[in-house]
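Let's take a friendly walk through a few local features of this chain, going from its strands to one of its helices. Have the structure open as you read.

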Amino acid sequence: KKKKKKKPKNISMMRCTFFVAAAAVLAVALALPVEREASERVHVNRDALLRASGAVHHGHHAHAHHDGKQASAPNCESALQLIEEAEGLRLCEYVDTTGHKTICYGFNLDTSSARSEIEAVGGDYDKVIHGGCLSKTQCVELLSKEVAKAAAGAIAVDGNQCTCIHNVLTDLAYNLGTAGLASFTTFNSYIKAHKWSEAADDLRHTLWCQQVGNRCVRDSGLVNAGCQ
């Protein structure tokens, strides 16, 4: 019988090496999409975290001013704007939640000076207090005068403060009256000490806050932000 020829060992080794190399190439090819996907997930997650922390900026700095307002804190509006937003404009006489006859931006018609002030802007007080109306121009003129009084009252109670805080105090003085603002003794002591978070917290626990709702939420938020 003829003996079968043995295959050279070097050929078997070459085939084995080839198969090992092919398997390794295949494993790498399969792993690349997984690694790329994982890498993409890492970058996406990192970007999400950076956006959440404010480290990724899109068009402006997180703490920069935008149109004169700070993006990282509640808007620091003028006292006039704060009062206009909270009071709203009603050109004809109405009765407010406290039972006072009122007009325009919460102007109290029951005060001793109301007649002279209405007449100073060209209005007829006797008609106005019995359901009459004023023009928007007259209402704005009334508001400007009352805001100036409230601003002086805020300074009398809490002294000179930075613009944002002073504007909030002016809104409070407008709504409460100077005497009403002065009655918030704990709140005022925190304001004078520049303890903004404590002042904001005290304001939230007043009866006034329960009565005015969103106005208090806004004003206490501005106080909490302090002087920016």
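Two strands are said to pair if DSSP finds at least two bridges between them. The model shown here is predicted. With that cut-off in mind, look at β4 and strand β5 (residues 107-108): they pair in the antiparallel sense over two bridges. Within this pairing, T102 faces N108 of β5.

Strand β4 (residues 101-104) also has a partner in strand β3 (residues 90-95), again antiparallel, with three bridges. Here V95 has K101 of β4 as its bridge partner.

Each pairing comes with a hairpin. Which residue takes a positive phi in the hairpin of β3 and β4? That is G99, and five residues lie between the two strands. In the β4 and β5 hairpin, two residues separate the strands, and G106 in the turn has the positive phi. A further glycine with positive phi, G177, follows helix α6.

| Glycine | Place | Phi |
|---|---|---|
| G99 | hairpin of β3 and β4 | positive, near 90° |
| G106 | turn of the β4 and β5 hairpin | positive, about 70° |
| G177 | after α6 | positive, near 90° |

Now to the helix itself. α6 (residues 163-176) has 14 residues and reaches 20 Å from its first C-alpha to its last, close to the 20 Å expected at 1.5 Å a residue. Why is α6 largely enclosed by the rest of the structure? Because eleven of its 14 residues are buried. Among them are the hydrophobic-looking names you might expect to check on screen, including I165, V168, L169 and L172, but also H166, N167, T170 and D171.

Definitions and conventions
Residues are numbered from 1 along each chain as its sequence is written. This is a predicted model: local features need pLDDT of at least 70, side-chain atom pairs count only at pLDDT 80 or more; totals for chains, interfaces and linings use all residues. Side-chain values use heavy atoms; hydrogens and water are left out. Helices (H or I, at least four residues) and strands (E, at least two) are DSSP runs, numbered from the N terminus. The expected span of a helix is 1.5 Å times one less than its number of residues. Buried means under 20% relative accessible area, exposed over 50%, partly exposed in between (1.4 Å probe, protein chains only).
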